[in-house]
Structures are given as C-alpha cells and as structure tokens.
Number of protein chains: 2
Amino acid sequence: MVGPAVHPVEAPPPTTEAAPLRIRMKDFQGMAGTTGALALRLCQFVFAAVSLCVMATTSDFPSVTAFRYLVAAVGLQCIWSLSLALADTYAILVRRSFRNTGAVSLFAIGDGITSTLTFAAACASAGITVLIGNDLDKCNLNHCTRFMSATAMAFLSWFAVSPSFLLNFWSLASR
Amino acid sequence: MVGPAVHPVEAPPPTTEAAPLRIRMKDFQGMAGTTGALALRLCQFVFAAVSLCVMATTSDFPSVTAFRYLVAAVGLQCIWSLSLALADTYAILVRRSFRNTGAVSLFAIGDGITSTLTFAAACASAGITVLIGNDLDKCNLNHCTRFMSATAMAFLSWFAVSPSFLLNFWSLASR
C-alpha cells in the first residue's frame, strides 16, 4: 500500500472551472475583439469622417495636391475603421476575440498602411496650412480655419489608429 | 552496483559547445547588435546627413516653416542614428547582442520618435514642394530640385528607420 494515495486530496478540476472565462493573460483592452478596440475604431472613424467632410466642403481644396490627397487618405481611413468597428462589434456580440494569426496580421498590416497614409496626408496639409497662414500670411484669401480643422481631425484620427496598430503588432509578436 | 553507471556513455558537455555561438533562435539580422542593424543605422545616417546638407545649403529654406522643421528633424535623426551605429559597432566588436529589456525598449521608443518626426518633416516638405512645383508652377523662382532631393533623402532615411523600429518592437514583444 502506498501511503499518500489512501486519502487522496480533492484536487480541483481545472478544465471545467477555467472554461467559462475564455480570457488569456495576454488579452487586454484595445486588442482586436475587445470593447477598447471598438472604442478606438469609432474614434478613428468619427475623426476621419469629420476631417473628410470639413475638407471636402471647402470650395478650393482641389487646387492643392496635398488637400486632394488628404481627402483620399481620410476617406480610406473611414472605410477601414468602419469595417473593423463592425468586425469588433460582431466579436463582442458572440463573446470571442480574434485568435488566429491571419486575422491579426491582416489587421496589423492594414492599420500600418492606413495610419501611415493618414499621417502623411495630415503632415502635408499641416505644412501647407502653416505656409499659407504664417509664412505667406494669406489667410484672408483662403479658408485657413477649415484647412486647420481638417488637418487637426486627421491628426486625431492618426492618434487613434496608432494604439490599434501597436497593440495588434504586439499581440502578433507575443504569440 | 547500479547497472547503467558502469560504462557511462560519453555525454557531450552542452555548456562548453553552445557557449561560442551565443545566438538564440529569436535573433536575426536587423535587431540591435547585429551587422544588419549596423547597416541600417549607417543607411539612416547617410540619407539623413545628405538631406540635411542639401536643405541647409539652400539659400531660402528659412522662409518656409516646414523646411526649417525638416532641417531640425533630419539633424536629430543624424545624431540618433550615429549614436546607435556606434553602440552596434561596440556590440559587434565584443560579440554580444543587446539582451536587457531596458536597452531594447529605449531603442524602440527612440526609433519610434525619430522616425515619426522624420516622416512628418518629409511629408510636410513634399506637400510644399509639390505645391510650388505642380500647383503654382513657380519652380523657376525656387530651388525645386534641391527641395525635392532633400525630401527624397528624408523619405529614404525614414524607410531605413522603420525596419529598425519594427524589429526592436518585435523583439521587445516576443520576449
């Protein structure tokens, strides 16, 4: 007779208790499929949409290449953020988060591309707005306030995309 | 007498053979302390230095805010890349790579900041160069070629910083 096996300690069954949680330590707010990610996506979408509307309703934006580019880049950002907001909503509704490497790497690559384009457009517009406003001092002939608002909104949209990109990239690297 | 111990199999001493390699599977070219990283750093430094020289020798760059900002951002990129090139050279000479999390996170944060600044400056300059050249068609009055060269070199420097940033961030996340 083996001593310790006579009165076995009631070991807690680990599988049945851990199953309902479905959360690993690596999952935190902001990664794809969480409410934090959904909030970030909605911020990106709102800022990009406001920037698009403000710039597109300016009468003379097509005369400057950088402003045309801003409209295109911010429009792309709108579409991308809205699509991923829908994907996150679905993931939250079915109480799952994106596990497979393919989806997360697609999100990371897409975030990297759209954030780079939005940031480039915002910087180019900012350079031209500052040139018109400060260096040439021709704000009385141009819609400086609208250009500035659209640029600021594009920057805010980029600020909201960056955490999404970094978190998706991080979750891709740490698996 | 214990049977298997009579004629011991000559087990290979694992510590002394593995020691000269000092390479883990996660280490690949481009991460801090490798020759790939040194090559990237030298590319960044050369492109940033050329951009700085071309822009700073233009007579009328101080009249445009974005060009002044380009000079500042590219100057910072020069200093940062040269410092890290020296650190990488030292690491290669003593045949070590950067292991501790503090150093790698410092590199990743610094790369993130300098690459963002360089990219922003390059985009702003590109916006203004395109405005002068295409939209206003005033290249005969300005140093369009020099502005374009400086902008292109700043973009190339950013292209060389991005892999450094991504690899350092990846190596930080995957430990």
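Is A:A160 buried or exposed, and what is the relative accessible area of A:A160? The legends below refer to a predicted model, and the first of them takes up this residue.

**Figure 1. Surroundings of A:A160 in helix 5 of chain A.** In this predicted model, A:A160 is buried, its relative accessible area being 7%. The cut-off for a buried residue is under 20% relative accessible area, and A:A160 therefore falls in that class. The residue belongs to helix 5 of chain A. A separation of 13 Å lies between the C-alpha atoms of A:A160 and A:L84, although 76 residues divide the two along the chain.

**Figure 2. Chain A and the domain annotated in UniProt.** Five helices and zero strands make up the secondary structure elements of chain A, which gives the pattern α-α-α-α-α along the sequence. Of its 175 residues, 43% count as buried. An unreviewed UniProt entry places the feature "domain: Casparian strip membrane protein" at residues 32-160 of chain A. Within residues 32-160 of chain A, helix accounts for 80% and strand for 0%. The C-alpha atoms at the two ends of this span are 14 Å apart.

**Figure 3. Spans of chain A annotated as "transmembrane region" in UniProt.** According to the unreviewed UniProt entry, this annotation covers residues 31-57, 69-94, 106-132 and 152-173 of chain A. Two of these spans are described here. Residues 106-132 of chain A are 100% helix and 0% strand, with end C-alpha atoms 39 Å apart. Residues 152-173 of chain A are likewise 100% helix and 0% strand, and 32 Å separates their end C-alpha atoms.

**Figure 4. The aromatic pair A:F165 and A:F169.** A pair of aromatic rings is described by the distance of the centres and the angle of the planes. Over all chains, a search of the whole structure finds 14 aromatic pairs. One of them joins A:F165 and A:F169, with 5.8 Å from centre to centre and 35 degrees between the planes; the pair is classed as tilted. Because A:F165 and A:F169 are four residues apart in helix 5 (residues 144-173) of chain A, about one helical turn separates them. A:F165 is buried, at 16% relative accessibility, and A:F169 is buried as well, with a relative accessible area of 12%.

**Figure 5. An aromatic cluster with residues from chain A and chain B.** The cluster contains A:F119, A:F155, A:W158 and A:F159 together with B:F119, B:F155, B:W158 and B:F159.

**Figure 6. Contact of helix 2 with helix 5 in chain B.** The axes of helix 2 (residues 35-56) of chain B and helix 5 (residues 144-173) of chain B come within 8 Å and cross at roughly 155 degrees. An angle over 145 degrees counts as roughly antiparallel, and the two helices are therefore so described. Their crossing is left-handed. By class, 15 nonpolar, six polar and two charged residues form the contact of helix 2 of chain B with helix 5 of chain B.

**Figure 7. Contact of helix 4 with helix 5 in chain B.** Here the axes of helix 4 (residues 101-135) of chain B and helix 5 of chain B come within 7 Å, crossing at roughly 155 degrees. That angle makes helix 4 of chain B roughly antiparallel to helix 5 of chain B. The crossing of helix 4 of chain B and helix 5 of chain B is left-handed. The contact of helix 4 of chain B with helix 5 of chain B comprises 18 nonpolar residues, 13 polar and one charged.

How values were computed: Residues numbered from 1 in each chain as written. Chains lettered and ligands numbered in written order. Predicted model: local features only at pLDDT ≥ 70, side-chain atom pairs only at ≥ 80, totals over all residues. Heavy atoms only, no water. Axes fitted to C-alpha atoms, helices over the stretch in contact; angles between N-to-C directions. Parallel < 35°, antiparallel > 145°, perpendicular 65-115°, else oblique. Left-handed = near helix turned anticlockwise from the far one by under 90°. Nonpolar A, V, L, I, M, F, W, Y, C, P; charged D, E, K, R; others polar. Phe/Tyr/Trp six-rings, centres within 6.5 Å; stacked < 30°, edge-to-face > 60°. Buried < 20%, exposed > 50% of the residue type's maximum accessible area, 1.4 Å probe, protein only. UniProt positions renumbered as here; feature names shortened; annotations may be inferred.
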